[in-house]
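Colleague: Before I rely on the terms used for this model, I should like to go through them with you. Please set each value against its definition.

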Amino acid sequence: MTAFVEAASPHTMNTYGRLPIALERGQGCRVWDVNGKQYLDALAGIAVNTLGHNHPELVPALQDQVAKLIHCCNYYHIPDQERLAAKLVELSGMTNVFFCNSGLEANEAALKLARKYGHDKGIALPKIVVYEKAFHGRSIATLSATGNAKIQKGFEPLVEGFIRVPLNDIEALKAATANDPSVVAVFFETIQGEGGVNPMRSEYLKQVRALCDEKDWLLMIDEVQCGMGRTGKWFAHQWAGIVPDVMPLAKGLGSGVPIGAVVAGPKAAHIFQPGNHGGTFGGNPLAMRAGVETIRIMEKHDLMGNAARVGAHLQASLEKALAGVKGIKEIRGQGLMLGIELDKPCGVLTQRCADAGLLISVTADSVIRLVPALIITEAEVNEIVAILVPLIQAFLAEQA
Ligand SMILES: Cc1ncc(COP(=O)(O)O)c(C=O)c1O
């Protein structure tokens with residue numbers, strides 16, 4: 001295995017623990033490697049390929065765009081930026097959008113918005129509340145906001161100005177911020193992804209919204225992984241009936257074309273002025289077309305409804321098949337963002353599943369994460385269960 005990896009990647013930096021697999025093409029929820037082996041894709045490039053692979057409506061639209069204009073920079077108006085922004089505003093109930101290229105960039109912009117929000121109010125050293133087990137990216141600021149010492153180690157000094165609290169504990173949030181006039185924002189994922197598929201409870205989301213209103217803080221919700229229809233609502237926080245002030249998006253928004261966005265409500269929409277933020281590639285015509293077409297195709301085929309229905313079926317099937325199995329701690333998540341937590345580290349399952357023709361990931365050491373494309377069918381999730389469950393059972397049996 002090592003020889004394959006070294007031979008396959010002699011010149012790229014050694015930043016990923018890659019499986020010895022090179023994927024060559026995909027169709028729907030299936031992918032094939034360079035040796036012709038087929039896999040069922042329950043990972044979708046880590047919650048990115050919303051429309052699966054080689055979607056018959058997305059591909060011609062992107063081909064059309066590539067032939068027209070790939071990039072032009074933000075010295076000029078880009079009509080599809082306005083189109084995509086208008087759509088995101090409509091879906092979110094918020095007001096304005098800034099475009100960038102990735103999740104960490106969207107979060108970086110959110111952090112800058114929060115700091116400037118504080119400075120505009122005369123707060124010289126603004127503080128932002130962040131969460132245990134959070135993942136917001138790997139730039140210096142976003143890894144500082146991330147709640148994982150392994151990701152931070154070796155990159156100190158970290159960015160200052162974060163207060164860290166546990167999930168779903170309103171009293172802990174109140175205690176950590178009590179009498180602190182420098183707090184400007186609360187920042188979290190509705191369902192933590194990398195941290196192990198950990199949902200914020202609806203009741204807690206409502207309490208934090210109320211607290212942010214009372215204290216005049218920004219409520220900033222990172223929907224990079226859980227957003228864009230995956231849970232059966234456009235944005236996962238919508239299950240709680242709340243609206244954030246700032247919402248970073250990325251991953252599924254472009255169905256595989258790199259894209260990021262920060263959606264802002266009235267409290268945050270006019271903080272940035274010309275010269276405050278920007279980037280060469282952000283909002284480029286190709287990425288914007290991918291975003292516009294992704295949402296159009298999702299609406300046309302009710303893929304959000306599909307995510308809710310097929311996701312509920314997947315969760316129920318896993319619960320049934322794994323009921324009473326010793327070593328299963330919890331099956332949790334919503335729609336097509338599900339985690340199966342085992343009582344021990346189970347990273348070896350990624351390779352074993354791949355050998356059996358199924359792509360998954362294990363996150364937070366012991367949580368099997370399933371985030372397939374939103375086009376996945378009931379028959380395909382039945383296949384996931386049929387491959388995955390015996391492998392989990394065998395793994396737990398050999399560890400017992
Ligand atoms: C919730 C969340 N925020 C931010 C990021 C970072 O996104 P990117 O990898 O595009 O920088 C991720 C990536 O996994 C994520 O899950």
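**Ligand contacts and cysteines**

Modeller: A backbone N or O atom of G103 lies 2.8 Å from an oxygen atom of the ligand. This is a predicted model, in which local features need pLDDT of at least 70 and side-chain atom pairs count only at pLDDT 80 or more, while totals for chains, interfaces and linings use all residues. Residues are numbered from 1 along each chain as its sequence is written, and side-chain values use heavy atoms, with hydrogens and water left out.

Colleague: What makes the pair formed by G103 and the ligand a polar contact?

Modeller: A polar contact is a pair of N or O atoms within 3.5 Å. The G103 pair, at 2.8 Å, therefore qualifies. For L104, a backbone N or O atom lies 2.9 Å from a ligand oxygen, and for K251 a side-chain N or O atom lies 3.2 Å from one.

Colleague: How much of the ligand does the protein bury?

Modeller: The protein buries 82% of the 390 Å² that the ligand exposes when taken alone, by the Shrake-Rupley method with a 1.4 Å probe.

Colleague: Why is C72 not counted in a disulfide with C73?

Modeller: A disulfide is a pair of cysteine sulfur atoms within 2.5 Å. The closest cysteine sulfur to that of C72, in C73, is 6.2 Å away, so the two are too far apart for a bond. The structure holds 0 disulfides. C353 is likewise in none, the nearest cysteine sulfur, that of C346, being 9.3 Å away.

Colleague: Why is C353 called buried?

Modeller: Buried means under 20% relative accessible area (exposed is over 50%, partly exposed in between; 1.4 Å probe, protein chains only). C353 has 0%, so the term applies.

Notes. Polar contact = N/O pair within 3.5 Å; in protein donor to acceptor, adjacent residues only side chain to side chain.
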